[in-house]
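Here are a few short exercises on charged pairs and buried residues. Have a look at the model first, then work through the solutions step by step.

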Amino acid sequence: MRVAVVGGGPGGLYAAALLKRLDPARSVTVHERNAPNDTFGFGVVLSDETLGGIEHADPAVYAALRREFVRWDDIDIVHRGHTLTSGGHGFAALGRRRLLAVLHERCRELGVELRFRSEAPPPERLAAENDLVVAADGVHSTTRDAFAHAFRPRVTTHRCRYIWLAADFALDAFRFEIAETAHGVLQLHAYPYERADESGPGASTVIVEAREEVWRAAGLDRLDERGSAERCAKLFPETLGGRPLRGNNSQWIAFRTVVNERWSHGNTVLLGDAAHTAHFSIGSGTKLAVEDALALAACVEEQPDLPSALAAYEAERRPVVLSTQRAARGSLEWFEDLATYTGQPPRQFAFNLLTRSRRVTHDNLRLRDAEFVAGVESEAGVPAGTPPMFTPFRLRGLTLRNRVVVSAMDMYSAQQDGDGDGDGNGNGDGDGRGGVPGDFHLVHLGARALGGAGLVMTEMVCVSPDGRITPGCTGLWTGEQEAAWGRVTRFVHEQSPGTAVGVQIGHSGRKGSTKVMWKGIDEPLPHGNWPLVAPSPLPYREGVNQVPHALTAAGLAAVREEFTDAARRAARAGFDLLELHCAHGYLLSSFLSPLTNRRTDAYGGDVEARLRFPLEVFDAVREVWPAERPLTVRVSATDWAEGGITPEESLRVAAAFAEHGADALDVSTGQVVADERPDFGRSYQTPYADRIRNTVGVPVVAVGAISSWDDVNSLLLAGRADLCALGRPHLYDPHWTLHAAADQGYEGPGAPWPLPYRAGSRKPPTGRTDAPKPRLAL
């Protein structure tokens with residue numbers, strides 16, 4: 001096999017060494033345009049997991065690296081005169097030049113041909129002349145560009161500028177320092193990569209980062225390398241103490257996230273930054289590249305042919321990389337929005353920084369440094385021995401005993417149209433029958449109330465027959481429905497005292513008259529449809545869903561009255577909280593999005609005009625809803641689609657509802673247009689709630705793939721949310737909150753077990769798992 005490696009960075013060199021070591025008969029050549037010692041940046045951080053992989057794959061490389069590593073455990077966070085230290089993290093770093101030298105030596109030992117100071121042949125020629133081409137030529141990969149039609153790269157440029165510098169002394173911890181200047185906030189990320197000893201004082205990598213507008217306002221865009229180093233050295237006195245910084249062809253650059261739809265084309269495969277990038281604030285791109293090299297070499301060795309090997313390599317690495325990129329994006333965006341957090345109390349700010357990527361959480365940070373976490377909890381007023389999720393929260397006259405919300409989830413199980421089963425087989429003529437919550441809702445909501453959540457929300461309860469999503473949706477337009485909901489609230493209040501029950505009211509708008517979810521989500525009914533209304537005559541899906549009628553002035557007034565009538569019934573039914581549904585593309589949401597509101601009258605145009613009708617409905621509902629009971633609003637903070645609501649507009653929407661008296665914002669995203677492209681992942685919607693809370697200053701409910709009590713504790717203690725709503729976890733386990741308390745050893749007032757269930761408050765014993773292992777295996 002003839003192997004050509006393009007790029008002499010750590011990933012390319014290590015791939016070359018491993019491929020040669022696994023089969024000495026291979027001819028392996030590395031093409032590097034720069035000299036052997038030319039490199040950019042200074043130190044490289046590698047995790048223990050990566051080092052373990054290196055040790056297993058090539059003990060000789062591991063032994064050489066181990067002698068060079070600087071190791072440390074602490075992270076220092078310097079902000080507003082406070083230095084807070086969190087321990088137990090575990091890092092290892094070494095100089096980038098030293099890492100390259102070790103890999104050069106290993107490649108030569110194994111017989112890899114290293115060609116420096118020469119451009120690689122064109123990608124097409126390399127592919128024709130070799131059996132395998134490894135493109136490790138970095139973020140600006142010429143190989144990737146040559147085959148862009150196959151790799152289909154997407155490159156996103158972000159909002160901060162940063163510069164790599166070095167200090168000629170060894171820090172004793174990973175260091176973050178925040179500089180608040182007249183021009184805005186800048187941050188320092190620094191860590192040691194060369195230890196201090198008798199030969200010298202050691203060295204540290206120093207990265208300085210700022211939002212683009214701050215960088216320009218501070219005049220940093222007009223400075224050369226030397227001037228930038230001198231200016232940055234003066235910005236961070238606690239870390240640098242007046243000591244100078246130096247560069248190495250250092251430039252201010254904007255980070256670019258690289259994503260490729262495919263990683264291989266024929267016999268050419270991408271590796272490291274050519275395939276993917278992840279922001280430096282969560283770790284090293286070198287780490288990912290080295291792990292890619294390990295996986296690629298192993299797959300080439302294990303698979304019967306090259307196509308199978310390249311497919312296996314991508315299948316193995318892509319999920320890991322996507323997870324890393326999600327975490328990196330969370331970290332990157334946290335630093336982009338750093339100015340929104342600088343007013344937090346010192347310990348909360350430090351905790352927020354440490355948990356920014358959601359990879360470090362409340363629980364594993366407590367394992368690393370229990371004293372640090374206890375200090376954060378004490379500063380936040382969390383009683384000793386109480387997880388943050390079990391602290392009370394007050395909304396107007398309602399005090400919730402804990403911060404867990406059972407999210408509003410459509411059940412499509414109302415008694416309707418005479419058939420009583422909610423499956424959409426009735427006549428569906430919108431004549432006022434149906435929409436009644438029955439035994440299913442009593443058991444469904446009652447079970448979750450008994451399960452310990454502080455607040456249990458109904459599904460979206462529709463304000464009129466024509467405002468239903470499906471024939472199986474519940475309503476509040478008749479006295480019969482009001483009485484049925486009263487049965488549910490009485491059960492919750494009598495059988496689970498202290499649990500609040502909230503109602504979400506809404507109108508389907510253009511997303512109505514469809515089948516129940518399990519028969520075809522968003523698909524129109526085969527018969528018995530009812531007319532739809534919307535701000536503009538735009539169907540949810542062109543050629544599939546019904547074209548709605550644009551609401552006239554009379555129609556707007558009628559809908560507003562339907563909402564107030566439903567709110568009056570909800571109050572009489574005994575609900576503790578009411579939520580106005582202005583999200584997910586339903587009627588009020590479709591007024592807010594520029595993708596669905598094309599009106600030219602007073603209710604369309606800029607965001608203030610698009611807000612007009614939802615605010616009119618809110619004000620009308622607030623007027624009839626009891627003053628002591630909270631009123632919240634659910635919003636979609638992004639449409640996940642080009643041309644949709646902007647981040648700035650979502651903040652304006654949140655601020656407008658807060659100014660009109662909303663007690664909290666329930667912050668969701670998307671489901672506004674059918675061609676959306678959500679960026680799914682763990683807790684993927686929580687940054688939107690975080691941004692609204694810390695910019696607008698209104699309490700928020702965070703939602704969106706929050707699945708663990710550890711996530712809930714982390715979000716609350718970091719100040720990113722006030723309440724956390726969970727949907728699917730409560731479908732899986734109606735007693736999710738009580739089980740979370742048991743898992744954390746908590747037995748306080750935030751999660752009391754119902755008296756009939758108290759005997760089950762401890763996990764049942766399971767089969768023994770600690771038996772001695774067999775001494776011999778046959």
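**Exercise 1.** Work out how arginine 610 and glutamate 649 meet, and whereabouts they lie.

*Solution.* Step one: their side chains form a salt bridge, 3.1 Å from N to O (Lys or Arg side-chain nitrogen within 4 Å of an Asp or Glu carboxyl oxygen). Step two: arginine 610 sits in helix 21 (residues 607-624) and glutamate 649 in helix 22 (residues 647-659), so the pair ties together parts 39 residues apart in sequence. Helices here are DSSP runs of H or I, at least four residues, numbered from the N terminus. Step three: arginine 610 is buried at 2% relative accessibility, and glutamate 649 is buried at 18%; buried means under 20% relative accessible area, exposed over 50%, partly exposed in between (1.4 Å probe, protein chains only).

A note on the numbers: this is a predicted model, where local features need pLDDT of at least 70, side-chain atom pairs count only at pLDDT 80 or more, and totals for chains, interfaces and linings use all residues. Residues are numbered from 1 along each chain as its sequence is written, and side-chain values use heavy atoms, leaving out hydrogens and water.

**Exercise 2.** Now take arginine 568 and aspartate 565: how far apart are their closest N and O atoms?

*Solution.* Step one: this salt bridge has those atoms 3.1 Å apart. Step two: the two residues are three apart in helix 19, so about one helical turn separates them. Step three: arginine 568 is partly exposed at 34%, as is aspartate 565 at 28%.
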